[in-house]
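Hi there,

Here is the structure I promised to pass on to you. Please have a look at it first, and then read my notes underneath.

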Amino acid sequence: MEERTAALRSWWAGFDQAHAVQSPGMPSLWGLVDQDLMSLSRTEQGFTPQPYRQCLPADVVEEVERLWATVTLQRYPGSIVSNPRPHQIMANALGSAGEFWHGVGLTAWFVCEGPYSRTTLGQADRYYSKPLAALRAAGCPVDTTFFRELSAAEPLLGQEEDVTDSTSNTVETPYGQVTFTPSMGRRTRRKGFEGVRDLITRYRRAWADQHLEAYHLQHRWRSELENVAHQLHRDVAAKGKPPTLIKFSRFATEAANHWTGGNLEALYTAIGEPAPSEQERPARLLTGDGYDFARRVCQELGGKPVDHDTWVNDPEETQRQWQLGRLAAESLRYLQLQEALGQPPTAKQFGAQRLPWPWPGGEAEGWPLLSPAASAVAVIRPRGGGQQMLAKGANSPMPTEAATIRITASGVPVDVSAVLLTRSGRVRGDDDLVFYNHPFQDGVRVNGDTVTAELGLVPQSVSNVAVVVSVDPEGPPSAVFGQGAMWEAEITQPSGTRLTFVTGFHRTRDCSRRGGALPPCGRMEGPRGRAGLRQRTGRPGHRVRHRRQPWAGHTVVTYRLVRRSVARSRRVRPEHMWLNSALRQNGCRLDATPTDRDAQTGGCRTQSPYQEVHGRR
């Protein structure tokens with residue numbers, strides 16, 4: 001919290017200087033305090049500018065983006081997710097001081113430089129009554145003399161002058177050249193901005209010297225923490241026990257996002273209470289700027305900038321573009337939900353019914369467009385590197401050449417194998433399982449933790465290559481895919497392609513049952529969605545989870561075997577389950593006993609390479 005307070009102090013110095021040097025002819029400072037992602041007015045259409053990147057020192061911008069890089073979603077407090085708009089959360093943490101002093105500076109600019117202002121200088125105290133009341137309640141009032149001087153300065157401004165945009169067109173006629181010069185007045189301006197600017201700067205600095213350091217910044221985080229502690233103690237007194245993490249997040253998420261980067265455990269520590277559970281930190285899907293991401297999603301949906309002529313003459317198109325822009329802005333929340341859930345959110349989880357959809361079919365037509373657009377744009381290139389980070393469900397084109405997939409895991413030893421699948425999601429036979437006893441098949445080779453696919457040699461009948469990651473049977477008996485285990489898939493090609501996919505082993509639905517037959521668990525997913533290949537685990541105590549990554553005509557389907565410790569359970573290699581599942585789907589059965597380990601496949605017999613099944617299907 002002290003670190004964030006120091007960052008706010010540095011930000012205020014840059015903010016004050018940016019307003020103090022503002023001069024006629026410069027761009028406005030609209031967006032210096034990040035508030036609205038989209039704006040629609042007579043002068044501003046589309047995404048709000050980001051002048052803080054040019055007006056504030058680079059080290060201040062980087063510090064803000066580092067300290068406010070993560071948040072917690074109130075409905076999903078179990079994970080700390082990316083914050084695509086750190087400058088907005090920082091502005092919210094600063095509170096009413098930034099809102100008022102930035103707002104009154106913009107009012108002076110728009111009154112003097114145009115195109116228009118929502119209020120006058122004499123009415124500024126009424127227009128900003130809400131932040132002024134908050135500052136008074138915090139013990140940081142603004143001197144009322146300031147508003148009297150501000151009101152007196154307005155009549156001293158110059159007369160309104162029309163600022164027109166003119167264009168000239170020359171036309172050749174039989175009688176010579178004729179030049180047409182149409183002019184359109186789009187704004188007015190009044191001389192005298194510098195005097196009003198200096199007046200505001202003088203009172204802003206006097207207020208900061210008196211209140212910012214000594215009281216306001218300390219009051220901001222202390223008051224929020226005290227409110228959280230008070231509500232926590234009320235819940236304990238009412239119910240006789242501390243609230244769960246979900247209930248705690250209902251009144252603590254805002255304070256955590258402002259002062260601990262969404263870390264509810266750190267907030268518990270700050271108020272002197274033990275945290276009930278730990279929060280996960282899933283792999284970040286957004287490593288760049290949230291504004292850039294939203295713009296790219298808007299383009300994917302068919303959005304385009306709205307110029308002044310369209311705003312005036314085509315209100316229906318303007319409204320449509322505004323709705324597309326709003327959906328693009330909501331795509332940032334889509335990414336956060338995907339991180340928290342570990343998979344793309346459904347329309348219900350996303351809250352699609354509350355949004356306007358600019359398509360004739362409404363949500364039913366728009367949701368299938370927004371979801372893949374957000375996932376496609378989530379292929380993020382980290383700054384300063386040529387490597388692409390793939391989000392779950394994202395894809396990237398690849399040349400038809402050798403592709404090497406290397407699995408790197410931490411926290412648990414793993415074993416890697418591959419399965420060749422047809423378009424229907426089925427194997428063609430036993431040889432389509434590539435593992436340590438059968439390391440090569442149709443251009444796909446397995447060597448330790450690496451799978452190499454010669455895409456040019458893979459037959460047309462194979463559309464998907466499934467990469468299977470399982471617990472190494474030679475590892476310690478206690479090795480499981482728990483919350484502490486992380487793995488990364490790195491895909492490289494000789495032409496220079498470098499793709500990575502980083503994730504952790506999250507908890508999944510338990511598909512086991514003590515005794516009896518196991519229920520179906522999971523479906524194999526190909527490029528056309530669910531292919532209907534159901535799988536059963538080898539014995540009770542196992543769970544299955546999958547992840548899908550399509551590439552240029554082929555699909556890398558990364559499956560994860562999650563084993564849970566069960567009394568007297570034995571580890572079973574994943575190849576058993578894959579082969580049995582594939583054979584059952586093709587009308588075959590594997591009967592392997594200590595004396596007969598051949599697979600009975602209708603009228604034919606195929607040699608089974610597995611020696612560890614011992615009578616279990």
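**What I found**

The side chain of Thr260 comes within 3.0 Å of the backbone oxygen of Asn263. Please keep in mind that this is a predicted model.

**Around Thr260**

Thr260 sits in the loop that runs between helix H10 (245-259) and helix H11 (264-270). Is Thr260 buried or exposed? Its relative accessibility is 13%, and the cut-off for buried is under 20%, so Thr260 counts as buried. If you set aside its neighbours within four places in sequence, Thr260 touches Met1, Arg4, Ala255, Ala266 and Leu267.

**The protein as a whole**

Stepping back, the protein is made up of 17 helices and 24 strands. It has 617 residues, and 50% of them count as buried. Its exposed area is about 29,500 Å², with carbon and sulfur atoms supplying 49% of that. For the contacts, take those between residues at least 6 apart in sequence: 65% of them join residues at least 24 apart.

**Salt bridges**

How many salt bridges does a search of the whole structure find? The search turns up 19 salt bridges. Three of these pairs are described below, in case you would like to look them up in the viewer.

One of them joins the side chains of Arg85 and Asp34, with N to O at 2.7 Å. Arg85 is in the loop between strand E4 (76-82) and helix H4 (86-94), while Asp34 is in the loop between helix H1 (2-20) and strand E1 (38-40), so this salt bridge ties together parts that lie 51 residues apart in sequence. Arg85 and Asp34 are both buried.

Another pairs Glu63 with Arg66, whose closest N and O atoms are 2.8 Å apart. Here both residues belong to helix H3 (residues 58-67), with their positions three residues apart in numbering, about one turn of the helix. Glu63 is partly exposed, at a relative accessible area of 27%, and Arg66 is partly exposed too, at 45%. This pair also belongs to something wider: Glu3, Glu63 and Arg66 are linked in a network of salt bridges.

The next pair is Arg354 and Glu330, where the closest N and O atoms are 3.4 Å apart. Arg354 is found in the loop between helix H15 (347-350) and helix H16 (363-377), and Glu330 is in helix H14 (residues 315-341), so the salt bridge ties together parts that are 24 residues apart in sequence. What are the relative accessibilities of the two partners? Arg354 has 45% and counts as partly exposed, whereas Glu330 has 15% and counts as buried.

**Cysteines**

You may also wonder about disulfides. A disulfide is a covalent bond between the sulfur atoms of two cysteines. With a cut-off of 2.5 Å between the sulfur atoms, the count for this model comes to zero disulfides. Two of the cysteines can be placed by their accessibility: Cys112 is buried at 0% relative accessibility, and Cys140 is buried with a relative accessible area of 0%.

Happy to talk any of this through whenever it suits you.

Best wishes

Conventions. Residues are numbered from 1 along each chain as its sequence is written. This is a predicted model: local features need pLDDT of at least 70, side-chain atom pairs count only at pLDDT 80 or more; totals for chains, interfaces and linings use all residues. Side-chain values use heavy atoms; hydrogens and water are left out. Buried means under 20% relative accessible area, exposed over 50%, partly exposed in between (1.4 Å probe, protein chains only). Helices (H or I, at least four residues) and strands (E, at least two) are DSSP runs, numbered from the N terminus. A polar contact is a pair of N or O atoms within 3.5 Å; within protein, one must be able to donate a hydrogen and the other to accept it, and residues adjacent in sequence count only if both atoms are side-chain atoms. Contact means heavy atoms within 4.5 Å. Accessible areas come from the Shrake-Rupley method with a 1.4 Å probe; for residues, only the protein chains shown count as cover. A salt bridge is a side-chain nitrogen of Lys or Arg within 4 Å of a carboxyl oxygen of Asp or Glu.
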